[in-house]
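Student: Got a minute to walk me through this one? I'd like the basics before I get to the odd bits.

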Amino acid sequence: MGKLNNIQDKVYSKMLTTLSDVSYEFTAKRETPKEPYDPRNPEAVNTTEYSGKGIFGLSFSIKDSELFQIQEKDQKAILFQRYCTNTPDIEDEITYSSLAYKVINISVIPADNGWVLQLRRV
């Protein structure tokens, strides 16, 4: 695990310097139906908020476009587990640079240390 932490430290260092133009702090929220269901308040939800830092504004490859239903203005983002206070989920709303996006798709980075997200503007 030590080598993986060293790699993550190097990536984080690059996020703060070389990649600072695409690396942003973000906030996120997830709304889930309140349990147990209350018929007097059927729209009640629990809100989970979390934050972190990630690389945003990335483009999808042609291969990605063939595999997923990617719209023209969708963005790709990379979030590293080490710097997130929660695990992202589909339908979460992520805000960075004062712009809100909905998480459409998520894949786990093969080293299991983060996520690649497909984001769509809300």
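Tutor: Sure. One term up front: accessible area here comes from the Shrake-Rupley method with a 1.4 Å probe. On that basis the protein chain exposes about 8,100 Å², and carbon and sulfur atoms supply 50% of it. Keep in mind that this is a predicted model.

Student: OK, what share of the residues counts as buried?

Tutor: 30% of the 122 residues in the protein chain. The C-alpha atoms fill a box of roughly 50 × 35 × 30 Å along the principal axes.

Student: Predicted, right. What's the average pLDDT of the chain?

Tutor: The average is 86, with 90% of the residues scoring at least 70.

Student: And which element has the lowest mean pLDDT?

Tutor: Helix H1, residues 2-16, with a mean of 67, while E4 has the highest at 97. Where pLDDT is low, the predicted coordinates shouldn't be read in detail.

Student: Noted. How many helices and strands are there?

Tutor: Two helices and six strands. Along the sequence the pattern reads α-β-β-α-β-β-β-β.

Student: Which strands does E1 pair with?

Tutor: Strand E1 (residues 23-33) is joined to E2 (residues 45-58) by 11 bridges, and the two run antiparallel. E1 is also joined to E4 (residues 93-96), again antiparallel, through three bridges.

Student: Give me some residues to click on. What's the bridge partner of Thr32 in E2?

Tutor: Asn46. For the E4 side, look at Thr27, which stands opposite Thr95.

Student: How much of the contact map is long-range, then?

Tutor: Take the contacts with a separation of 6 or more: residues 24 or more positions apart account for 56% of them.

Student: Switching topic: charges. How far apart are the mean positions of the positive and negative ones?

Tutor: 6 Å, for 15 positive and 17 negative charges.

Student: Now the odd bits. Where is the cis peptide bond?

Tutor: Between Glu35 and Pro36, with omega at about -10°. Pro36 lies in the loop between E1 and E2.

Student: And which residue has a positive phi of about 50° without being a glycine?

Tutor: Ser97, in the loop between E4 and E5. Ser98 sits in that loop too, and its phi is near 65°, also positive in a residue other than glycine.

Student: Why does Ser98 count as exposed?

Tutor: Because its relative accessibility is 74%, and exposed means over 50%. Ser97 is at 43%, so it counts as partly exposed.

Definitions and conventions
Residues are numbered from 1 along each chain as its sequence is written. This is a predicted model: local features need pLDDT of at least 70, side-chain atom pairs count only at pLDDT 80 or more; totals for chains, interfaces and linings use all residues. Side-chain values use heavy atoms; hydrogens and water are left out. Two strands pair if DSSP finds at least two bridges between them. Helices (H or I, at least four residues) and strands (E, at least two) are DSSP runs, numbered from the N terminus. pLDDT is the predictor's confidence in each residue, from 0 to 100. Buried means under 20% relative accessible area, exposed over 50%, partly exposed in between (1.4 Å probe, protein chains only). Contact means heavy atoms within 4.5 Å. Lys and Arg count as positive and Asp and Glu as negative; His and the chain ends are not counted. The place of a charge is taken as NZ of Lys, CZ of Arg, CG of Asp or CD of Glu.
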